[in-house]
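Visitor: I would like a close look at the cysteines of this protein and at what surrounds them. Please take it slowly and connect the parts as you go.

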Amino acid sequence: MATTMCQCLGFTVASLGFVGTIVATALNMWSTQDLGQDLVTSVYNYMGLWKTCVQQTSGFTECRPFFTVLGLPATFQAIRALMIVSIVLSLIGTLVSILALKCIRLGTMDDTAKANLTLTSGILFIIAGVCCVAGVSIYANMLVTNFWMSNTSMLGAQGPARQRYTFGSALFVGWVSGGLLLIGGIVMCIA
C-alpha cells in the first residue's frame, strides 16, 4: 500500500513538473525590460526563448519570432536544447511511470519488472529536472551578467544607458517545475 501511495505521489508531482516545463518553455516572458531608470514607459519589451515582444500602453502587442538559428548565441541555443531535452525526458518518464504503477496491470508483469520501471522513470524525472533547472539558471545568469554589464563600464564608471532586462515570470515557473520534477523523481526512486 505504501509503495502504491509513493508511486502515485511521485507520478502526480512529476507530472505537474512536466506540465510546468512545457509552460515555461512556451512562455514569452523569460526576460522583461527593467523600467527602473526609464522616464518614458510607453513601450515595454520582453523576450522568450522563441520570440521577442513589444507591448505598448495602448494594449497593442507585437511579437516577432527569432528567424535565425545560426545567428543566436551558443548559450541561448544550449538553453533551448536543455529545455527541449527536459520535456522529452519528462514525456518518456511519464510513459514509463504509467506502466510502472502498481495500480495498473498489463499482461503478466511481475513486481520486479514494475520496480525496475519505477526506478527508471524516477531517474528520467531527475535528469529532466536537472536539465530544466540548469537551463533556467544559465538564462538567469546571462540576465544578471548583462544587467550589470549594461550599467557600468570595465573601470567601474557609469557607462552609456542601454536597455536592461530582469527576470521574467517564465524563469520562476521553470525553477518550480524543475524542482517538482526532481522531487517527483526522488519519490519514484524511493518507491
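Guide: Start with Cys 63, which is partly exposed, with a relative accessible area of 32%. The model is a predicted one, so each value here is computed from predicted atoms. The value for Cys 63 falls between the two cut-offs, since buried means under 20% and exposed means over 50%.

Cys 63 has a partner. Its sulfur atom lies 2.0 Å from that of Cys 53, and the two residues form a disulfide. The cut-off for such a pair is 2.5 Å between the sulfur atoms, and by this rule the protein has 1 disulfide. The link of Cys 53 and Cys 63 is right-handed, with 110 degrees about the S-S bond. Cys 53 sits in strand 3, residues 51–56, and Cys 63 in strand 4, residues 61–65, with their positions 10 residues apart in the count. The two ends of the link differ in their surroundings: Cys 53 is buried, at a relative accessible area of 0%, whereas Cys 63 is partly exposed.

Two further cysteines can be set beside this pair. Cys 8 is partly exposed, with a relative accessible area of 29%. Cys 132 is in no disulfide, and the nearest cysteine sulfur, that of Cys 131, is 8.7 Å away. That distance is why no link is counted for Cys 132, as the sulfur atoms would have to be within 2.5 Å. Cys 132 is buried, at a relative accessible area of 0%.

Now place these residues in the whole. The protein holds 4 helices and 5 strands, and from the N terminus on they run α-β-β-β-β-α-α-β-α. Of its 191 residues, 36% count as buried. Among contacts with a separation of 6 or more, 65% are between residues 24 or more positions apart. The exposed area is about 10,400 Å², and carbon and sulfur atoms supply 72% of it.

Next comes the interior. The largest nonpolar core has 14 residues, and those touching the most other members are Trp 30, Leu 49, Met 83, Tyr 139 and Leu 171. Helix 2 (74–100), helix 3 (111–151) and helix 4 (169–190) each give this core at least two residues. Helix 3 supplies the largest share, with 5 residues. Another core, of 8 residues, lies apart from it; Leu 89, Val 96, Leu 124 and Met 188 are among its members.

Helix 2 can be followed further, to a residue called Ser 97. Ser 97 is buried, with a relative accessible area of 0%. Leaving aside residues up to four places away in sequence, Ser 97 touches Phe 11, Ser 121, Phe 125 and Met 188. One of these, Met 188, also belongs to the core of 8 residues. Ser 97 and Lys 114 are 17 residues apart in sequence, and their C-alpha atoms are 9.0 Å apart in space.

Helix 2 also holds Val 88. Val 88 is partly exposed, with a relative accessible area of 41%. Together with Trp 50, Ile 84 and Ile 92, Val 88 forms a nonpolar patch on the surface, and the four have about 320 Å² of accessible area together. Helix 2 therefore carries both a buried residue, Ser 97, and a partly exposed one, Val 88.

Definitions and conventions
Residues are numbered from 1 along each chain as its sequence is written. This is a predicted model: local features need pLDDT of at least 70, side-chain atom pairs count only at pLDDT 80 or more; totals for chains, interfaces and linings use all residues. Side-chain values use heavy atoms; hydrogens and water are left out. Buried means under 20% relative accessible area, exposed over 50%, partly exposed in between (1.4 Å probe, protein chains only). Contact means heavy atoms within 4.5 Å. Accessible areas come from the Shrake-Rupley method with a 1.4 Å probe; for residues, only the protein chains shown count as cover. A nonpolar core is a set of buried Ala, Val, Leu, Ile, Met, Phe, Trp, Tyr and Cys residues joined through side-chain atoms within 4.5 Å. Patches are made of residues with over 30% relative accessible area and no salt bridge: like charges are joined within 9 Å, nonpolar side chains (Val, Leu, Ile, Met, Phe, Trp, Tyr) within 5 Å. A salt bridge is a side-chain nitrogen of Lys or Arg within 4 Å of a carboxyl oxygen of Asp or Glu.
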